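Visitor: I should like to understand the words used for this structure. Would you take me through them?

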Amino acid sequence: MNLLSKYEDVEIDGDKSILLFEENNHKIYWLGIAANDAFRCNVYLIQDDDEYIIVDSGGTEFFHQIKNNIEKITDLSKVTAIILCHQDPDVASSMIDWLKINPKLKIITSARTNVLLPHYGISNYDFYDIGENLEYKFKSGRILKFIEAPFLHSPGAFTTLDLTADFLFSGDIWAALDIDWKLIVDDFDSHEAMMDLFHIDYMASNIAARGFVRNIKDKKIDAILPQHGSIINTNFVKNALDYLENLECGTDVVYSDLSN
Ligand SMILES: [Fe+2]
Ligand SMILES: [Fe+2]
């Protein structure tokens with residue numbers, strides 16, 4: 001069950017995780033971070049029975065806060081994998097802290113991301129290549145589906161669709177920069193302005209954005225969970241797809257004189 005509407009008017013405390021979805025021992029948590037910073041990051045945890053996967057574990061600076069939040073939910077030995085949607089430090093630099101705790105952790109990512117991750121300091125980890133395995137199956141049989149999102153903003157960027165919750169972990173796509181931030185978007189018009197602050201400068205082009213929308217349009221998406229800014233619940237998913245489809249960004253703007 002999608003629990004997002006419960007949190008529409010709730011003050012967020014960075015010390016506490018928040019349960020966003022729950023059904024038959026499949027759960028999704030928001031783990032933080034409630035920092036007062038426009039580039040604040042969201043870290044998520046997916047639980048399926050006894051398996052736990054962290055989505056975009058975040059910067060090393062916040063590792064202890066995220067670790068404490070997970071320890072309140074489960075034993076760290078039950079965290080089996082980390083999904084990293086691209087290599088940026090705000091997404092991925094804490095991977096080495098996690099690998100020091102458990103060297104057997106799977107790092108689920110794309111090949112283009114994987115060539116860069118060893119620069120954080122550890123290279124001999126178990127790489128799960130989403131280009132070769134477009135799905136991850138839990139022991140229960142439940143599935144995470146990976147959908148590539150080239151040049152949004154990194155060449156190897158991808159999103160993760162939890163087919164149990166129909167929640168899309170979108171990384172930097174639909175990210176928003178907002179100091180006065182809420183967990184759930186309540187006004188899409190003002191939220192668009194916050195997404196513009198990020199997308200116009202970071203996303204490659206309208207073609208990249210439209211191509212991605214084309215690839216996900218037939219998917220059932222109940223909520224969008226970005227790596228920055230507020231979560232987009234069911235009521236605004238269609239608005240979010242329209243926003244991306246019509247976005248002018250990156251090279252459209254920088255080289256607008258070259259467009260015909
Ligand atoms: Fe990024
Ligand atoms: Fe980011």
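Guide: The answers below set values against definitions.

Guide: This is a predicted model, in which local features need pLDDT of at least 70 and side-chain atom pairs count only at pLDDT 80 or more, while totals for chains, interfaces and linings use all residues. Residues are numbered from 1 along each chain as its sequence is written, chains are lettered from A and ligands numbered from 1 in the order in which they are written, and side-chain values use heavy atoms, with hydrogens and water left out.

Visitor: What makes His 86, Asp 88, His 153 and Asp 172 donors of the iron ion (ligand 1)?

Guide: Donors are N, O and S atoms within 2.8 Å of the metal (3.2 Å for Na, K and Ca); water is not among the atoms, so sites may look incomplete. The NE2 atoms of His 86 and His 153 and the OD atoms of Asp 88 and Asp 172 lie 2.0 to 2.2 Å from the iron ion (ligand 1), and therefore they count as donors. Along the sequence, these donor residues follow the spacing H-x1-D-x64-H-x18-D. Asp 88, in the loop between E5 and helix H2 (89-92), and Asp 172, in the loop between E11 and helix H5 (188-202), are 84 residues apart, and this pair links distant parts of the chain.

Visitor: Why is the arrangement around the iron ion (ligand 1) called irregular?

Guide: Four donors count as tetrahedral if all angles lie between 85 and 135 degrees; four count as square planar and six as octahedral if opposite donors are over 155 degrees apart and all others between 65 and 115; anything else is irregular. The four donor atoms around the iron ion (ligand 1) subtend angles of 88 to 173°, which makes the arrangement irregular.

Visitor: Which residues coordinate the iron ion (ligand 2), and what is the arrangement there called?

Guide: Asp 90 (OD), Asp 172 (OD), Gln 227 (OE1) and His 228 (NE2) coordinate the iron ion (ligand 2) at 2.1 to 2.5 Å. Here the angles subtended by the four donor atoms are 79 to 173°, so this arrangement is irregular. Asp 90 in helix H2 and Gln 227 in the loop between E12 and helix H7 (237-245) are 137 residues apart, and the pair links distant parts of the chain.

Visitor: What does Asp 172 bridge?

Guide: Asp 172 bridges the iron ion (ligand 1) and the iron ion (ligand 2), which lie 3.5 Å apart.

Visitor: How do you know whether Asp 172 is buried or exposed?

Guide: Buried means under 20% relative accessible area, exposed over 50%, and partly exposed in between (1.4 Å probe, protein chains only). Asp 172 has 2% relative accessibility, so Asp 172 counts as buried. Ser 110 has a relative accessible area of 6% and therefore is buried. Asp 90 and Gln 227 are both buried.

Visitor: Where does Ser 110 lie, and what does Ser 110 touch?

Guide: Ser 110 lies in the loop between strand E6 (106-109) and helix H4 (111-114). Helices (H or I, at least four residues) and strands (E, at least two) are DSSP runs, numbered from the N terminus. Contact means heavy atoms within 4.5 Å. Leaving aside residues up to four places away in sequence, Ser 110 touches Phe 127, Ile 130, Gly 156 and Phe 158.

Visitor: How do you know that strand E10 and strand E11 pair, and which way do they run?

Guide: Two strands pair if DSSP finds at least two bridges between them. Three bridges join strand E10 (residues 158-162) to strand E11 (residues 167-171), and therefore they pair; they run antiparallel. Asp 162 stands opposite Phe 167 in E11, and Thr 160 stands opposite Phe 169. E11 is also joined to E12, by four bridges, and these two run parallel.

Visitor: Why are E8 and E12 said to stand at the edges of the sheet?

Guide: Five strands form an open sheet in the order E8-E9-E10-E11-E12, with mixed pairing. Strand E8 (135-137) and strand E12 (223-226) each have a single partner strand, so one side of each is left without a neighbour in the sheet.

Visitor: What makes E11 mostly covered?

Guide: Five of the five residues of E11 are buried. Phe 167, Phe 169 and Gly 171 point one way from E11, and Leu 168 and Ser 170 point the other way.
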